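Me: Please take a close look at a single part of this structure, and set that part in the context of the whole chain.

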Amino acid sequence: MSTLHRDDFVSWTREQAESLRRARDAGSNLPLDWTHLIEEVEALGASERRELRSHLTRIIEHLAKLRHSPARSPRRGWMRTVQRHRDATEQLLADSSSLR
């Protein structure tokens, strides 16, 4: 289980939320706020998906600017932004291959 956390965080959050649901539904007597705990674990995975979407959006926006804008001076900055967000995207996908 700890390797899944390391290798694919988003899949790990899904599995943990499902395990918590099963424990809750089985009548676990642990004094936990089951509903909110499950929601928070699921939110961790959703946050990763939102972060990926944000990076991809920024990449597409700046690639469109590079292709269609006649402006000269901000081009280098746009290229740096594209590279920075590509790097971040690669890192997210390396951490959670299920985001592919």
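Reply: What follows concerns helix 3 and its surroundings in this predicted model.

The protein has four helices and zero strands, so that, with helices defined as DSSP runs numbered from the N terminus, the elements run α-α-α-α. Helix 3 covers residues 34-68, and its 35 residues reach 51 Å from the first C-alpha to the last, close to the 51 Å expected at 1.5 Å a residue. As for the whole protein, the C-alpha trace spans about 65 × 25 × 15 Å along its principal axes, and the radius of gyration is 19 Å, whereas a compact globule of 100 residues would have one near 13 Å.

The buried residues of helix 3 are Trp34, Ile38, Val41, Gly45, Ala46, Glu48, Leu52, His55, Ile59, His62 and Leu66. An α-helix has 3.6 residues a turn, so residues three or four places apart point the same way. The buried residues of helix 3 pack against helix 2 (9-25) and helix 4 (75-95).

On the side of helix 4, one residue to examine is Thr89, which counts as buried because its relative accessible area is 8%, under the 20% cut-off. Leaving aside neighbours within four places in sequence, Thr89 is in contact with Leu52, His55, Leu56 and Ile59; Leu52, His55 and Ile59 are among the buried residues of helix 3.

For the protein as a whole, buried residues make up 29% of the 100 residues, and of the contacts with a separation of 6 or more, 54% are accounted for by residues 24 or more positions apart.

Methods: Residues numbered from 1 in each chain as written. Predicted model: local features only at pLDDT ≥ 70, side-chain atom pairs only at ≥ 80, totals over all residues. Heavy atoms only, no water. Helix = DSSP H or I, 4+ residues; strand = E, 2+ residues; numbered from the N terminus. Expected span 1.5 Å × (residues − 1). Buried < 20%, exposed > 50% of the residue type's maximum accessible area, 1.4 Å probe, protein only. Contact = heavy atoms within 4.5 Å. Rg over C-alpha atoms; globule rule 2.2 N^0.38 Å.
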